[in-house]
Amino acid sequence: MQHFALTIIGRDRPGIVSQVTEILFQGGFNIADSSCSILGGQFSMILIISNPDISTTEQFSDTFKPLEENNLSVYIRTLKEGGETRPEFNGELCMISVYGADKPGIVYQVAKELGDRKINITDLNTKLIGEQDKPVYVMMLEAILPEETELNVVESWMEELKKKLQVDISVRSLAAIEL
Amino acid sequence: MAVKDVLIYPDPRLKKVCTPIDHFDQSTRELLQNLVDTMIDAGHSVGIAAPQIGDLYRVAVVDVSNSKLGKKQENHGLLQMVNPEIIETEGSQSVREGCMSVPDYTGNVTRSESIVVQFLDQNQQLQVIRCDRFEAIAIQHELDHLDGLLFLDRVSSLKTDLFRRKQK
């Protein structure tokens with residue numbers, strides 16, 4: 001079945017999820033996967049959806065028009081075959097927490113250390129917290145370490161960055177305990 | 001004895017509150033052995049509770065000594081627990097848990113860091129032991145099963161399980 005990625009974003013208020021999911025439900029859509037959250041003052045929704053009767057974006061026609069009329073932006077991406085299935089990962093899951101005085105380039109420089117080494121980031125959240133005149137930047141990042149990469153090696157890369165960026169960074173294993 | 005099938009949610013038996021064992025007899029010993037056999041056969045498992053194999057009694061087994069993480073920490077090896085009760089808890093730790101009965105999902109759960117658990121062992125002896133860290137997590141997870149609680153009832157955020165585990 002054809003799957004689509006549906007992205008919806010707009011000023012947060014009560015009722016967005018209910019309006020979106022009512023349209024999906026009435027239209028016969030399945031929600032296979034989703035992640036929705038408030039970012040700043042915006043509520044953002046990303047959903048992987050499918051509908052047995054729909055195989056192209058043209059067939060959506062006016063399905064999401066009521067959302068746009070309510071000041072929500074809607075974007076639909078057509079997934080290629082298999083794009084709805086998560087890939088299989090090998091390696092150890094680790095979490096990297098980065099926090100410190102806000103400055104440009106925190107996310108980029110940490111991500112670059114990992115990206116340059118082909119380490120896959122699977123989850124990333126950033127928030128600006130603290131007092132207005134002393135903002136603190138917090139980033140929580142999850143990544144999969146290839147089998148040949150040990151946690152302490154990642155720690156040593158981050159040790160360098162800590163000095164360069166003047167932020168605190170901690171790395172810890174996130175292995176799920178299998179019970 | 002026997003390796004049993006591990007029930008998968010939404011099997012309703014996983015949501016039942018289990019009955020204490022009033023008379024410790026041969027059937028109790030068999031249940032303990034079935035749990036041990038099933039836990040070992042499941043390969044990756046460090047514990048299993050009776051309702052996970054469809055026996056709605058307050059019985060569970062835990063053994064963290066063979067797991068990668070458990071090996072590094074002090075532990076009690078194989079614990080066979082009848083009518084277990086946590087009588088003291090201390091501290092808290094956050095951990096990402098997965099469960100054989102809820103495949104493909106893991107979640108961050110907050111558990112006590114150290115517990116004192118009381119139970120009848122396989123020889124009907126009353127044991128009162130202190131367990132820490134991973135072993136404490138495993139016991140809390142298994143004892144939740146006896147009250148019809150899954151880690152989904154405790155979780156603060158859910159993540160897709162990124163790793164394919166051995167499923168029976």
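**Exercise 1. Find the residue that stands opposite A:I177, then work out which strands are paired there.**

Solution. Start at the residue itself: A:I177 faces B:E97, which sits in β4 of chain B. Keep in mind that this is a predicted model. Next, look at the strand on the chain A side. That is β9 of chain A, residues 177-178, and its pairing with β4 of chain B is parallel, over two bridges. Strands in a sheet pair through backbone hydrogen bonds, in either a parallel or an antiparallel sense.

Now step back to the whole sheet. Four strands make up an open sheet, running β9(A)-β4(B)-β5(B)-β8(B), and the pairing is mixed. The edges are β9 of chain A and β8 of chain B, each of which pairs on one side only.

**Exercise 2. Describe the interface between chain B and chain A: how many residues are in contact, and how much area is buried?**

Solution. Begin with the head count: 25 residues of chain B are in contact with 17 residues of chain A. Then the area: about 1700 Å² is buried between the two chains, with carbon and sulfur atoms giving 58% of it.

On to the polar side of things. Between chain B and chain A there are six residue pairs in polar contact, counting pairs with both residues at pLDDT 80 or more. On chain B, the elements that each supply at least two residues to the side touching chain A are β4 (93-99), β5 (102-111), α3 (133-146) and β8 (155-160). Sort the residues on that side of chain B by type and you get ten nonpolar, seven polar and eight charged.

**Exercise 3. Which residue does A:E142 form a salt bridge with, and at what distance?**

Solution. Two salt bridges cross the interface of chain B and chain A. One of them can be tracked down from A:E142: the partner is B:R96, with the closest N and O atoms 2.8 Å apart. Side chains of opposite charge can pair when their charged atoms come close.

**Exercise 4. Go through salt bridges within the chains, and say for the paired residues whether they are buried or partly exposed.**

Solution. For scale, the count over all chains is 13 salt bridges. Take chain A to begin with.

- A:R117 and A:E113 form a salt bridge, with closest N and O atoms 2.6 Å apart. A:R117 has 35% relative accessibility, so it counts as partly exposed. A:E113, at 22%, is partly exposed too.
- A:K162 and A:E159 form a salt bridge at 3.7 Å between the closest N and O atoms. These two residues both lie in helix α4 (residues 151-165) of chain A, three residues apart, or about one turn of the helix. A:K162 is partly exposed at 24%, and A:E159 is partly exposed at 37%.

Then move over to chain B.

- B:D11 pairs with B:R13 in a salt bridge, the closest N and O atoms being 2.9 Å apart. B:D11 has a relative accessible area of 17%, which puts it under the 20% cut-off, so it is buried. B:R13, at 34%, is partly exposed.
- B:E97, the residue opposite A:I177, turns up again here: B:E97, B:R111, B:D144 and B:R154 are linked in a network of salt bridges.

**Exercise 5. Where is B:S67, and what does its side chain reach?**

Solution. Place it in the fold: B:S67 is in the loop between β2 (59-62) and α2 (68-71) of chain B. Check accessibility next: the relative accessible area is 14%, so B:S67 is buried. Its side chain reaches the backbone nitrogen of B:G70 at 2.9 Å. Leaving out residues up to four places away in sequence, B:S67 touches B:V46 and B:F134.

**Exercise 6. Inspect the backbone: which residues does a cis peptide bond join, and what is phi for A:Q166 and B:N83?**

Solution. The cis bond joins B:Y9 and B:P10, with omega about 15 degrees. B:P10 lies in the segment before α1 (26-41) of chain B.

Then the phi angles. A:Q166 has phi near 55 degrees, a positive value in a residue other than glycine. A:Q166 is in the loop between α4 and β8 (168-173) of chain A and, at 60% relative accessibility, is exposed. B:N83, also a residue other than glycine, has a positive phi near 50 degrees. B:N83 sits in strand β3 (residues 79-90) of chain B and is partly exposed at 23% relative accessibility.

Conventions
Residues are numbered from 1 along each chain as its sequence is written. Chains are lettered from A and ligands numbered from 1 in the order in which they are written. This is a predicted model: local features need pLDDT of at least 70, side-chain atom pairs count only at pLDDT 80 or more; totals for chains, interfaces and linings use all residues. Side-chain values use heavy atoms; hydrogens and water are left out. Contact means heavy atoms within 4.5 Å. Buried area is the accessible area (1.4 Å probe) that two parts lose on being put together, summed over both. A salt bridge is a side-chain nitrogen of Lys or Arg within 4 Å of a carboxyl oxygen of Asp or Glu. A polar contact is a pair of N or O atoms within 3.5 Å; within protein, one must be able to donate a hydrogen and the other to accept it, and residues adjacent in sequence count only if both atoms are side-chain atoms. Ala, Val, Leu, Ile, Met, Phe, Trp, Tyr, Cys and Pro count as nonpolar, Asp, Glu, Lys and Arg as charged, and the others, Gly among them, as polar. Two strands pair if DSSP finds at least two bridges between them. Buried means under 20% relative accessible area, exposed over 50%, partly exposed in between (1.4 Å probe, protein chains only).
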